[in-house]
Amino acid sequence: MSLGDTGNTKELPRAGAAKPTEGMGFHHSHIDKKKVYGCQAAGMPIGAMGGGFLCHGFRIYGRAKSKIGPALELVSCLPDAETVSCAVFDSWYASKDITTSFWAKGYEVVCALKTNRATCPAGHRIQIKEFSKLVEKNECCLVTANSKKYYVYKLETHLTGVANSAALISWPVGEFGNGNAMRAFLCPDVSLSEQEIIGIYNERWPIEVFFKECKNTFGAKKIMLRTICGIRRRWLVTALAHNFCVSEGGSFLEGRAAFVKNEFENGGELLYKLAYSLPKEEFAEVYSKIA
């Protein structure tokens with residue numbers, strides 16, 4: 001299970017605008033590295049490692065004070081884990097509340113950590129980026145992920161709200177000791193090896209693919225709607241289209257090709273029918289399951 005978010009930017013409304021877009025607010029953009037005006041979409045694809053991921057749910061929010069609230073709503077909608085299951089997310093969601101919520105559902109957690117996060121090796125409180133300066137290369141193991149090699153140091157430690165956990169500190173080969181290239185990860189299951197933890201974290205990528213395809217392929221990047229309800233319905237349609245491509249094709253690209261072909265043959269009406277031809281009760285049922 002992968003958890004993440006993306007932004008839908010809008011132009012600032014003119015002063016005195018009669019009908020500005022509902023629910024918009026200012027959010028920090030990691031891409032633009034500044035605050036932008038618009039709304040946020042938090043999503044949660046779920047699937048098998050190495051296989052296709054389907055969108056299990058998403059939330060559209062505007063003036064929320066934090067990303068944590070919408071994320072907790074998504075976690076609460078998850079079914080309890082019936083097999084070995086894991087949740088993967090980046091450092092923006094590495095909070096005690098989200099971690100414990102996943103544990104309550106039976107999900108293990110692997111996530112990125114901010115390098116200024118405090119850790120307590122041998123009972124001494126120190127930031128990860130400061131501790132990394134004390135690590136020697138011969139204390140690390142060499143791990144391969146996506147055909148790239150990394151030096152990884154595994155530290156069994158205590159973090160706030162997460163006792164007896166494994167914190168991984170990694171550098172690309174050739175960048176050992178470079179604080180700008182250093183990355184840190186958290187896994188409360190200390191029995192997992194460095195290779196297993198890095199391999200699990202690599203499964204976070206489907207959330208980025210999901211948002212990219214929704215915005216670029218299915219038109220969610222520029223939504224010309226003024227009501228938050230309309231924006232949510234538009235994102236629901238894109239999520240359904242994404243799930244259609246993953247489930248109908250041998251791969252997402254094959255499914256997308258079939259989807260585009262169907263759209264062309266039906267005069268571009270397939271998405272319209274998905275959104276508006278269902279009876280209101282049936283649409284509400286589908287909406288409640290995904291959104």
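Let's start at S132, which sits in the loop between helix 3 (128-131) and strand 9 (141-145). Helices and strands here are DSSP runs numbered from the N terminus, with H or I over at least four residues for a helix and E over at least two for a strand. The model is a predicted one, in which local features need pLDDT of at least 70 and side-chain atom pairs count only at pLDDT 80 or more, while totals for chains, interfaces and linings use all residues. Residues are numbered from 1 along each chain as its sequence is written, and side-chain values use heavy atoms, with hydrogens and water left out.

Is S132 buried or exposed? With a relative accessible area of 9%, S132 is buried; the term means under 20% relative accessible area, against over 50% for exposed and partly exposed in between, using a 1.4 Å probe and protein chains only. Beyond its neighbours within four places in sequence, S132 is in contact with I169, W171 and M182, where contact means heavy atoms within 4.5 Å. The side chain of S132 also reaches back to the backbone oxygen of K129, at 2.7 Å. Y153 is 21 residues away along the chain, yet its C-alpha atom and that of S132 are separated by 8.8 Å.

Step back to F131, which lies in helix 3. F131 counts as buried because its relative accessibility is 12%. Residues up to four places away in sequence aside, F131 touches P121, I126, Y153, L155 and I169. I169 is 38 residues from F131 in sequence, and the two are 9.4 Å apart in space, C-alpha to C-alpha.

Moving on along the chain, we come to a hairpin formed by strand 9 and strand 10, with two residues between them. In the turn, N146 has a positive phi of about 55 degrees. Strand 9 and strand 10 (residues 148-159) pair in the antiparallel sense over five bridges; two strands pair if DSSP finds at least two bridges between them. Within this pairing, V143 has Y150 in strand 10 as its bridge partner.

Now turn to strand 5 (residues 86-89), where C86 and V88 point one way, A87 and F89 point the other way, and all are buried. Which strands pair with strand 5? Strand 1 (residues 2-9) does so in the parallel sense over two bridges, and strand 6 (residues 108-113) pairs with strand 5 in the parallel sense over four bridges. On the strand 1 side, F89 is the bridge partner of L3. On the strand 6 side, V88 stands opposite V110. From strand 5 the chain crosses through helix 2 (residues 96-105) to strand 6, and this β-α-β crossover is right-handed. Right-handed means that, with the strands pointing away from the viewer, the path from the first strand over the helix to the second runs clockwise.

Helix 2 also appears in the surroundings of helix 1 (68-76). The buried residues of helix 1 are I68, P70, A71, L74 and V75. They cover an arc of only 165 degrees around the axis, so they lie on the same side of helix 1; the arc is that of the directions from the helix axis to the C-beta atoms. These buried residues pack against strand 1, strand 3 (34-47), strand 4 and helix 2.

K67 is found in the loop between strand 4 (53-61) and helix 1. Why does K67 count as buried? K67 counts as buried because its relative accessibility is 18%. Its side chain and that of D5 are joined by a polar contact of 3.0 Å, meaning a pair of N or O atoms within 3.5 Å; within protein, one must be able to donate a hydrogen and the other to accept it, and residues adjacent in sequence count only if both atoms are side-chain atoms. Residues up to four places away in sequence not counted, K67 touches D5, H30, Q40, Y61, W92 and Y93.

Further along, H242 has its place in helix 6 (residues 228-248). H242 counts as buried at 5% relative accessibility. Apart from neighbours within four places in sequence, H242 is in contact with F53, F210, E213, F218 and F252.

Finally, the whole chain. It has nine helices and 12 strands, and buried residues make up 45% of its 291 residues. Among contacts between residues at least 6 apart in sequence, 56% join residues at least 24 apart.
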